[in-house]
Amino acid sequence: MAHLGTLPPALGFLAAAHAGGGRAPEGPVATRALRAEIGEALSVQAFSATVLHGPGADPGRAWTRAGDTVVVVAGEFYNQDELRSVLPDGDAHDGDAGLLAALFDRYDLHAFRLVNGRFAAVVASGARLCAATDHAGSVPLYLRPAPGDIHIATEAKALATQAMPKGPSLPGTRRVPGLPGVHQVPAGTVLELAVDSAGGTLHRTWQPPSARRILHEDEARRAVRSALELAVGRRLAAGVKPLAVLSGGIDSSAVAALAAARGPIDSLSMGTDLSDEFPHAQVVAKHLATDHSELVIPMDELLRQLPYTVWAAETLDADIIEYLLPLVSLYRRLPDTPRRILTGYGADIPLAGMHREDRLPQLDSAVAHDMATFDGLNEMSPVLAAVHGHWTSHPYWDRDVLDLLVGLEAGLKRRYGRDKWVLRSAMTDLLPEETVARPKLGVHEGSGVSVAFTRLLSDNGVPDRDIATAKALVVRELFDRTVVDGGHPDHVSTEGAIRTALHRLRQGAA
């Protein structure tokens, strides 16, 4: 099992590889963390990094040097035992950074194909720099390359102010809007760079399965239950009581139930003065005997968290920001003591939970589309909780769980007129029947956020036909102010962003 603490050794990092001397980038980050600096002179390059770590975490476990190789890891690996099993001296490598260094020595960059985790990593070795994200890109990774000087960070805003010469194009990476020269490393890839030229090659380490598996109902239930049990168990730290975000829907309830089966847990539900799911969550909390709390955030206060949500997520997708707003608001209202948080987020994507389509070809097309377009949305970024010093984990996006769920044939996902049938069926013995049968609601729907955001724009004179465009303009304005310009959300007004967005909307209509 993975050796986990309340927080991983590193929540993020800023790093640089130089042909000569130099320092790691010093730009702003949203992650609330302490900083530890490292610097290593290798045979061909100088490598420096600033490790972002929480109180009580040991940043020394987030990096290691082995010969002419330096490794830095943010996040955590979940299959440490399996990784050690392929190393001749596996038991000698305790931390994730040490494990990755040994794997890299044995497998080179193909080592990343072995790791199941929630991480971003950089390996400086010889004249190369390898930058990698996990299979889901759940810890985003950005770089600004220039010949002889490559900067890398887990937040794009940290690279926004770096004055560097123009670097080469990097085919396959994503340009960050408003930040010339800054690229995002795609999910499930390792980007191999030559430090002297900054030229790079992408190597795919994971991709969603396109084939579909036909399983008997009983076999499918057992497979889903087993995979989720393992994924949840791997995310629990010994002696650390986890916090489960609980809506009372099947996704979050299944995670909470599997965690509670291993020991006591805390659970928390969030609502607003417009809407909540408290009665549904109470049924589950009582059934599981969790230490349960409820948090009510007034909608006006929640909407004022829009700058924080864009600042943390670093995405321009207004729908995603709307989904994430209740979560960021919840995390920011938690006490300062760092928590390890389990969520049910993400199950809808591989299981087509938000699609009410009974026709199986269309349902599977929706799964394929969603899996092809999730990358870069940053909807599972750890920064969403790290803005207040916490660490989140999402068992449905465990690599092995995702491989299984995506690969199941559509008839196991929509069966007997029920969405996410295979998940519901797998959890019937652990949850109340009313929970198993409860129809799906998105977190933004259960809290009333989508209604409130629309109403806010309507109250400012936006006609219904322009609501979607206005939301996108508001998010872009907040992105420019917080990510591009480096403004702190405390000094960025949602109302001001709306006024600017509406002015642009009216100019466009004139």
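R225 counts as buried, because its relative accessibility is 17% and the cut-off for buried is under 20%. The model is a predicted one, and the values in this report are computed from it.

**R225 and its surroundings**

R225 sits in helix α3, which spans residues 217-234. Its side chain makes a polar contact of 2.7 Å with the side chain of D429. Leaving aside residues up to four places away in sequence, R225 touches L258, A426, M427, D429 and L430. D429 is thus named twice for R225: as a residue that R225 touches and as the partner in the polar contact.

**Helix α12**

Helix α3 also takes part in covering another helix, α12. The elements that cover the buried residues of α12 include α3, α9 (348-351) and α10 (360-373). Helix α12 runs over residues 399-407 and is mostly covered, with seven of its nine residues buried. Those buried residues are R399, V401, L402, L404, L405, V406 and G407. An α-helix has 3.6 residues a turn, so residues three or four places apart point the same way. The N-terminal end of α12 is capped by D398, which has a side-chain oxygen 2.9 Å from the backbone nitrogen of D400.

**The seven-stranded sheet**

An open sheet is formed by seven strands in the order β2-β3-β1-β9-β8-β11-β10, with antiparallel pairing. Its edge strands are β2 and β10 (174-175), each of which pairs on one side only. In general, the strands of a sheet pair through backbone hydrogen bonds, in either a parallel or an antiparallel sense.

Strand β3 covers residues 46-53, and eight of its eight residues are buried. Which residues of β3 point one way, and which the other? A46, S48, T50 and L52 point one way, F47, A49, V51 and H53 point the other way, and all are buried.

On one side, β3 pairs with strand β1 (residues 12-18) in the antiparallel sense over seven bridges. In that pairing L14 stands opposite T50 of β3. Strand β3 also pairs with β2 (residues 34-41), again in the antiparallel sense, over eight bridges. The bridge partner of L34 in β3 is H53, and that of E40 is F47. Strands β2 and β3 form a hairpin, with four residues between them.

**P298**

P298 lies in the loop between β16 (291-297) and α6 (299-303). P298 counts as partly exposed because its relative accessibility is 37%, and the partly exposed class lies between the cut-offs of 20% and 50%. From C-alpha to C-alpha, P298 and T31 are 25 Å apart in space, and they are 267 residues apart in sequence.

**Pocket and cavities**

Rolling a probe the size of a water molecule over the atoms shows where empty space is left. The second largest pocket has a volume of about 300 Å³. It is lined by 22 residues, of which L4, G5, L7, P8 and P9 are the closest to its centre. Strand β5 (residues 69-77) gives the most to this lining, with three residues.

How many cavities of 30 Å³ or more does a search of the whole structure find? The search finds four. The largest cavity is lined by A136, G137, S138, F374, D375, G376, L377, N378, E379, M380 and S381. The second largest cavity is lined by 15 residues, and the closest to its centre are R118, S138, R235, H394 and W397. S138 appears in both linings.

The table gives volumes and lining classes.

| Space | Volume | Nonpolar residues | Polar residues | Charged residues |
|---|---|---|---|---|
| Second largest pocket | about 300 Å³ | 10 | seven | five |
| Largest cavity | about 90 Å³ | four | five | two |
| Second largest cavity | about 80 Å³ | four | six | five |

Methods
Residues numbered from 1 in each chain as written. Predicted model: local features only at pLDDT ≥ 70, side-chain atom pairs only at ≥ 80, totals over all residues. Heavy atoms only, no water. Helix = DSSP H or I, 4+ residues; strand = E, 2+ residues; numbered from the N terminus. Buried < 20%, exposed > 50% of the residue type's maximum accessible area, 1.4 Å probe, protein only. Polar contact = N/O pair within 3.5 Å; in protein donor to acceptor, adjacent residues only side chain to side chain. Contact = heavy atoms within 4.5 Å. 1 Å grid on protein atoms, 1.4 Å probe; cavity = no way out; pocket = protein on both sides within 12 Å on 5 of 7 lines; lining within 4 Å. Points joined across faces, edges and corners; volume = space filled by probe spheres on them. Nonpolar A, V, L, I, M, F, W, Y, C, P; charged D, E, K, R; others polar. Pairing = 2+ DSSP bridges.
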